[in-house]
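Student: I have a structure to read and would like a guided tour. Where do we begin?
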Amino acid sequence: MNAVEIEGVSQQYGSMTVLHDLNLCLGEGEVLGLFGHNGAGKTTSMKLILGLLQASSGRVQVLGRSPNDSLVRRQLGYLPENVTFYAQLSGRETLRHFARLKGAALAQVDALLEQVGLADAMDRRVKTYSKGMRQRLGLAQALLGAPRLLLLDEPTVGLDPIATQDLYQLVDRLRQQGTSIILCSHVLPGVEAHINRAAILAHGRLQAVGSLASLREDAGLPAVIRASGLKQSAQLLQRWHADGHQARSVGVDGVEVVAINGHKLGLLRQLLGEGEAQDIDIHQPSLEDLYRHYMDQAENTRAGEGAA
Amino acid sequence: MTQIWNIARKELSDGLRNRWLLAISLLFAVLAVGIAWLGAAASGQLGFTSIPATIASLASLATFLVPLIALLLAYDAIVGEDEAGTLMLLLTYPLGRGQLLLGKFVGHGLILALATLIGFGCAALAIAVLVEDVELGLLAWAFGRFMLSSTLLGWVFLALAYVLSSKVSEKSSAAGLALGVWFLFVLVFDLALLALLVLSEGKFNPDLLPWLLLLNPADVYRLINLSGFEGGSAAGVMALGGDLPIGGLLLWLCLLLWVGVPLLLAYWVFLRRPT
């Protein structure tokens, strides 16, 4: 059974369509990254899964049931993007309140606060918390009752680099325990190692979904190889130009070559064999590059539609 | 049921924490004791005069005060949660909108009921202990009725506050509207009724006019508290109430309706509030 199944869902606000025929599923124990510009439909998709919105058409199933089912809600954790909580309550009181509402054991509260690094601040009023601390309180809240499905909306906003790393490690740990996670984010660097699949939304349409490897293949974005300490860089460059590769020299004895699909290993062999390279650096297309690629593609399609 | 209580207990502990409960109780107690002993000063007397006079003065004061306190307590119930981002979060919990609203009502309602009981109850005790040869039976009956109806009046305005709070998208507009509601029911309504009486020059069906009083919960409340005493002291618009061919029980029912109907309306509005 999939944790989330979205089939042919469209969503309209008045006359505006914010989601077009969305098909997306999330397996058990899978981490899905949901990326897109502002207004791409990320929040709408989240709200559909949370049962806060009723889809105009199509079907949404969460943990095999309707999203409104209270059994589903007990097994679901949500970290909203902007939540200030109750200023006059302490962190611990806040979490106890939410634990009662979720039907989670109150004994979890202290352990969770410790886990997110708020052990020293849990008896202080939330009013005195920084943005990052409130974010961590929100995270502790989302983890109440050991949810089977976790929705994190911009979880790293306001977190310092170390706390961000801690968060990603937590995501890895939860995934190993079988928790399904949807991670919605603007911050692309750093997240790629912690997600199984990425979904890219633009203008209410799903542009691409898949593992990073399959997206790279699908996008056909080249890898860039940089090598330095070469003995015969001039000859190599000459040959590559003749073969039709994009290549240029970098510094005294370095080169940079663009490896289009399938040429990467051949080029590397040449560099290591004939070039006797001392250092090689391969730049794979990152999530950011892929994101940019699909965004450009979406823009072009829209521009094309507009012209036609 | 558990969920309703979970929401209610937070409201209740908020009320204890920010000393609302204490402040309202103290205010009620001071005012009640003050009115009991100084209320007759205008007529040249000092000291406790009579139970009906005390209740009449207390009721006219409470008509102003209780709705204001109730509105202040509840105007941000929904829109405040929304602004803090907790409303959306709460709605992803196993918690219905009705439960959330009812929980708020139970919590706020308990604060008001407790404050009324403590505040006015202390005043009643003071009168019972300090005033010689007071009719204890009449005192208990009149104060009991007064406290119960004051609580109900407070609940009416809690429910009205939830309607506003569910409708608007900003806390400041809820506060403004709450003041408007207070103004309308506590001041404007009676003036408008008097104006209608004067301007119509008797052409307005005089049988209908007393019924109009039932459209204002504050007037229903005053009718309840002014009736039942010998040689009633009703004055102004309240004198119309004497013509009303309905009994005390119906007035109570009317006040209860004034709690129930706005509460249902608030639920209806809240259900339509987009997240």
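Student: Which residues touch the most other members of the largest nonpolar core?

Tutor: Keep in mind that this is a predicted model. The largest nonpolar core holds 170 residues. A:Leu149, A:Ile182, B:Phe146, B:Phe157 and B:Tyr162 touch the most other members. By element, helix H7 of chain B, residues 136–167, gives the largest share of this core, with 16 residues.

Student: How many residues are in the other core that lies apart?

Tutor: That core has 14 residues. A:Leu237, A:Ala247, A:Leu268 and A:Ala277 are among them.

Student: Take A:Leu149. What is it in contact with, once its neighbours within four places in sequence are left aside?

Tutor: The list for A:Leu149 includes A:Ala3, A:Val4, A:Leu26, A:Ile49, A:Val62 and A:Leu63. A:Gln75, A:Leu76, A:Gly77, A:Thr179 and A:Ser180 are in contact with A:Leu149 as well.

Student: Now cysteines. How many disulfides are found over all chains?

Tutor: First the general idea: a disulfide is a covalent bond between the sulfur atoms of two cysteines. Here the search of the whole structure finds zero. Take A:Cys184: its nearest cysteine sulfur belongs to A:Cys25 and is 17 Å away.

Student: Is A:Cys184 buried or exposed?

Tutor: A:Cys184 is buried, because its relative accessibility is 0%. B:Cys254 also counts as buried, because its relative accessible area is 14% and the cut-off is under 20%.

Student: Let us try a loop residue. Where is B:Thr92 found?

Tutor: B:Thr92 sits in the loop of chain B between helix H5 (86–91) and helix H6 (97–130). Its relative accessible area is 3%, so B:Thr92 is buried.

Student: Which residues is B:Thr92 in contact with, leaving aside its neighbours within four places in sequence?

Tutor: The contacts of B:Thr92 are A:Leu50, A:Leu52, A:Arg73 and A:Tyr78. Now compare sequence with space. B:Thr92 and B:Ile118 are 26 residues apart in sequence, and their C-alpha atoms are 38 Å apart.

Student: On to empty space. How is it found, and how much lies in the largest pocket?

Tutor: Rolling a probe the size of a water molecule over the atoms shows where empty space is left. In this model, the largest pocket has about 590 Å³. Its lining counts 26 residues, and A:Gln88, B:Lys10, B:Glu11, B:Asp14 and B:Asp76 are the closest to its centre.

Student: Which element gives the largest share of that pocket lining?

Tutor: H1 of chain B does, with five residues. In chain B, helices H1 (2–17), H3 (51–74), H4 (79–84) and H6 each supply at least two lining residues. By class, the pocket lining has ten nonpolar, six polar and ten charged residues.

Student: How many cavities of 30 Å³ or more are there?

Tutor: The count is two. The largest cavity has about 40 Å³ of space. B:Phe28, B:Leu31, B:Leu58, B:Leu61, B:Ala62, B:Leu65, B:Val66 and B:Phe120 line it. That lining divides into eight nonpolar, no polar and no charged residues. H3 of chain B gives its largest share, five residues.

Student: What lines the second largest cavity?

Tutor: A:Tyr86 and A:His97 are part of that lining, along with B:Ile7, B:Lys10, B:Glu11, B:Glu81, B:Leu90 and B:Lys104. By class, the second largest cavity has three nonpolar, one polar and four charged lining residues. About 30 Å³ of space lies inside. H1 of chain B contributes the largest share of this lining, three residues.

Terms used
Residues are numbered from 1 along each chain as its sequence is written. Chains are lettered from A and ligands numbered from 1 in the order in which they are written. This is a predicted model: local features need pLDDT of at least 70, side-chain atom pairs count only at pLDDT 80 or more; totals for chains, interfaces and linings use all residues. Side-chain values use heavy atoms; hydrogens and water are left out. A disulfide is a pair of cysteine sulfur atoms within 2.5 Å. Buried means under 20% relative accessible area, exposed over 50%, partly exposed in between (1.4 Å probe, protein chains only). A nonpolar core is a set of buried Ala, Val, Leu, Ile, Met, Phe, Trp, Tyr and Cys residues joined through side-chain atoms within 4.5 Å. Helices (H or I, at least four residues) and strands (E, at least two) are DSSP runs, numbered from the N terminus. Contact means heavy atoms within 4.5 Å. On a 1 Å grid over the protein atoms alone, a cavity is a set of points where a 1.4 Å probe fits but cannot get out, and a pocket is an open set with protein on both sides within 12 Å along at least five of seven lines; lining residues have an atom within 4 Å of a point. Grid points are joined across faces, edges and corners, and a volume is the space filled by probe spheres set on the points. Ala, Val, Leu, Ile, Met, Phe, Trp, Tyr, Cys and Pro count as nonpolar, Asp, Glu, Lys and Arg as charged, and the others, Gly among them, as polar.
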